[in-house]
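Visitor: I should like to go through this structure with you and ask, for each term you use, what justifies it.

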Amino acid sequence: MTDTRSRRRRRFLALVVPVLLALLLVGPARPAAAAPDGADDPGSGVDPTTGGWPLDGTPTVLEGFDPPDEAWGPGHRGVDLEARPGQQVLAPADGTVVFVGRVGGKPVVVVDHGGVRSTLEPVGASVRVGQRVRRGDVVGRVGREEHCEDRCLHWGLKRGATYLDPLLPAGRDGSAGTAGTLRLVPSSRRALVVAEALAREAARRAAETAAVGFVGGSPAAARPLGPPGSHGFVHPVPGAVTSPFGRRFHPVLHVWKLHDGTDFGAACGTPIRAAYDGRVTRRVASTGYGNRLFVDHGRVDGHAVVTAYNHATRYVVSPGDRVRRGQVVGYVGRTGFATGCHLHLMVWLDGRMVDPGTWL
């Protein structure tokens, strides 16, 4: 817990203060449109403000929204999306560019969407202050900074003095949708809306897999997934499954949300073994996932496969290392949002997150 608080304080000093200065330089946003419901709620947003991702496709969320318990306390006031330097950054919604410049040494672009503002960093801007942009317009390219080892774009969203979750999803009809379509709602309804959205997305993915038995691509180009256990992957720890992939009530956050992997119960210090041959691509620390390790296994049975190991106490391999199936890569821990010692395993096939139980 002490390590987590220290990391949060460092993030606050290195990331939040510069963003606050940027927002102060921008000045007050235009008045928000009146919200039909929850107008007294300080967490209410404009209605309807819809938008999408500030990067092409559906990027991986490396660090989620984790607001502080107190206004000036440590926390993560936005989301970190996996990105590479030079990658195009897009306007997440229609708006006006209200700030372009460097704050605390970091290149920042701020877009006012009419009552709420998106802050994007590090971004080398290709737009100017006062320029109107449409959702999906290029506003610049990802720059470099140490916040996440040159591998992410930090996206913040703010209404007045209130920080908002940029990934809060909802459909155009007012019901919950999937991540990537945004509509701000009263904060009193946030947990319900997020739960509905994640449940719908999990159900959609499960239905696609169950209905056709394929992963990724269009039906015409789909490739058979094959039965679990037929791909040569091994379980990374010997423990039993304590929480499967799917919708659940989060034991720490206390909201219903998608559990995006499989939890294996194992004592702290239990060796974690590579599920298959591959190359380590990333080793990072996250507030939610704790210590994380990503391994790219290349193409296996016609699919591009990536695994991630989370909550470890430590890892003994580094980015660029080649690993063999069954090789010890780290040791089980309880870092991040974890109520006990366990391994949280995640699997991506062809760039899409899937239930590890459909592959292992």
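Visitor: Why is D350 counted as buried, partly exposed or exposed?
Guide: Please note at the outset that this is a predicted model. The relative accessibility of D350 is 22%. Buried requires a value under 20% and exposed a value over 50%, so D350 counts as partly exposed.

Visitor: Where does D350 lie, and what is its phi?
Guide: D350 lies in the loop between β25 and β26 (352-354). Its phi is near 55 degrees, which is a positive value in a residue other than glycine.

Visitor: What is the phi of H311, and in which strand is H311 placed?
Guide: Phi of H311 is near 75 degrees, again a positive value in a residue other than glycine. H311 belongs to strand β21, residues 303-312.

Visitor: What makes H311 buried or exposed?
Guide: The relative accessible area of H311 is 5%. The cut-off for buried is under 20%, and H311 is therefore buried.

Visitor: Which residues are in contact with H311?
Guide: Leaving aside neighbours within four places in sequence, the contacts of H311 include G288, Y289, G290 and N291. Also among them are G333, R334, T335, G336, F337 and A338, as well as H342 and H344.

Visitor: What does the side chain of H311 reach, and why may one call that a polar contact?
Guide: The side chain of H311 reaches the backbone oxygen of T335 at 2.7 Å. A polar contact needs a pair of N or O atoms within 3.5 Å, so the distance of 2.7 Å satisfies that limit.

Visitor: How many disulfides does the structure hold, and how do you know that C268 and C341 form a disulfide?
Guide: The structure holds one disulfide. The sulfur atoms of C268 and C341 are 1.9 Å apart. The criterion is a pair of cysteine sulfur atoms within 2.5 Å, so C268 and C341 count as a disulfide.

Visitor: What parts of the chain does this pair tie together?
Guide: C268 lies in the loop between β17 (262-265) and β18 (271-273), and C341 in the loop between β24 (328-331) and β25 (342-349). The pair therefore ties together parts that are 73 residues apart in sequence.

Visitor: Why is the disulfide called left-handed?
Guide: The torsion about the S-S bond of C268 and C341 is about -90 degrees, so the disulfide is left-handed.

Visitor: How accessible are C268 and C341?
Guide: C268 has 40% relative accessibility, and C341 has a relative accessible area of 29%. Partly exposed lies between the limits of 20% and 50%, so C268 is partly exposed and C341 is partly exposed.

Visitor: What is the strand order of the open sheet that contains β18, and why do β18 and β22 count as edges?
Guide: This open sheet of three strands has the order β18-β24-β22, with antiparallel pairing. β18 and β22 (314-315) each have a single partner strand, so one side of each is left without a neighbour in the sheet.

Visitor: What makes β22 and β24 a pair?
Guide: β22 and β24 are joined over two bridges in the antiparallel sense. At least two bridges are required, so β22 and β24 count as paired. In this pairing, R314 stands opposite Y331 in β24.

Visitor: What is the omega of the peptide bond from E121 to P122?
Guide: Omega is near -10 degrees, and the peptide bond from E121 to P122 is cis. P122 lies in the loop between β6 (117-121) and β7 (123-125).

Methods:
Residues numbered from 1 in each chain as written. Predicted model: local features only at pLDDT ≥ 70, side-chain atom pairs only at ≥ 80, totals over all residues. Heavy atoms only, no water. Helix = DSSP H or I, 4+ residues; strand = E, 2+ residues; numbered from the N terminus. Buried < 20%, exposed > 50% of the residue type's maximum accessible area, 1.4 Å probe, protein only. Polar contact = N/O pair within 3.5 Å; in protein donor to acceptor, adjacent residues only side chain to side chain. Contact = heavy atoms within 4.5 Å.
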